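Morning, everyone, and thanks for coming. I'd like to walk you through one structure today, with the cysteines as our way in. Let me put it up on the screen.

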Amino acid sequence: MANNWNIPAELEKEIRERDKVCVYCGNEFLSHKVSAKASASWEHIINDASIITRENICLCCRGCNASKGQKQLSVWLQTNYCKERGITPESVAPIIKQAIANGQ
């Protein structure tokens, strides 16, 4: 997975160590060769690529990333995609719970 978002190397390392599975659905990341949808991708929790902080950058699967798109987190969590996969404010990773608590 290439870092095309100008994420500093130290922050990238920290996030890769923190986010070992998708922060939304909790599924393990697979090689892009095995499953494109299950491979890891960079996610901006707040949809602003200029916010490059540990609180806004995370790793999620491409399936969740594509589904979320430009939607606000609270709106996306109400979609059929999330409902069908059991993705709720209670089931997401701590970094996402923190974003929800901060009004996202």
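Let's begin with a question: leaving aside its neighbours within four places in sequence, which residues is C22 in contact with? Keep in mind as you look that this is a predicted model. The partners of C22 are N27, F29, L59, C60, C61 and C64. Three cysteines, C60, C61 and C64, are on that list.

So where does C22 sit? Look in the loop between helix 1, residues 9-18, and strand 1, residues 40-44. C22 has a relative accessible area of 2%, under the 20% cut-off, so this residue counts as buried. One of its partners, C61, is 39 residues away along the chain, yet the C-alpha atoms of C22 and C61 are separated by 5.3 Å.

Now, I know what a bench person asks when cysteines meet: how many disulfides does the structure hold? The count is zero. Take C61, which is in no disulfide: its nearest cysteine sulfur belongs to C64 and is 3.6 Å away. A pair of sulfurs has to be within 2.5 Å to be called a disulfide here, so 3.6 Å does not qualify. C82 is in no disulfide either, and for C82 the nearest cysteine sulfur is again that of C64, 6.8 Å away.

Are C61 and C82 buried or exposed? C61 has 6% relative accessibility, so C61 counts as buried. C82, at 0%, counts as buried too.

Let's step back to the whole chain. There are five helices and two strands, and from the N terminus on they run α-β-β-α-α-α-α. The radius of gyration is 13 Å, close to the 13 Å that the globule rule gives for 104 residues, so the chain is as compact as a globular protein of that length. If you like to think in boxes, the C-alpha trace spans about 35 × 35 × 20 Å along its principal axes.

What about the inside? Of the 104 residues, 38% count as buried. Among contacts with a separation of 6 or more, 54% come from residues 24 or more positions apart, and the C22 and C61 contact, at 39 residues apart, belongs with those.

And the outside? The accessible surface comes to about 6,000 Å², with 51% of that belonging to carbon and sulfur atoms. For charges, the chain has 13 positive and 11 negative side chains, and the centres of the two sets lie 6 Å apart.

That's my tour, and I'm happy to take questions.

Technical notes:
Residues are numbered from 1 along each chain as its sequence is written. This is a predicted model: local features need pLDDT of at least 70, side-chain atom pairs count only at pLDDT 80 or more; totals for chains, interfaces and linings use all residues. Side-chain values use heavy atoms; hydrogens and water are left out. Buried means under 20% relative accessible area, exposed over 50%, partly exposed in between (1.4 Å probe, protein chains only). Helices (H or I, at least four residues) and strands (E, at least two) are DSSP runs, numbered from the N terminus. The radius of gyration is taken over C-alpha atoms; the globule rule is 2.2 Å times the number of residues to the power 0.38. Contact means heavy atoms within 4.5 Å. Accessible areas come from the Shrake-Rupley method with a 1.4 Å probe; for residues, only the protein chains shown count as cover. Lys and Arg count as positive and Asp and Glu as negative; His and the chain ends are not counted. The place of a charge is taken as NZ of Lys, CZ of Arg, CG of Asp or CD of Glu.
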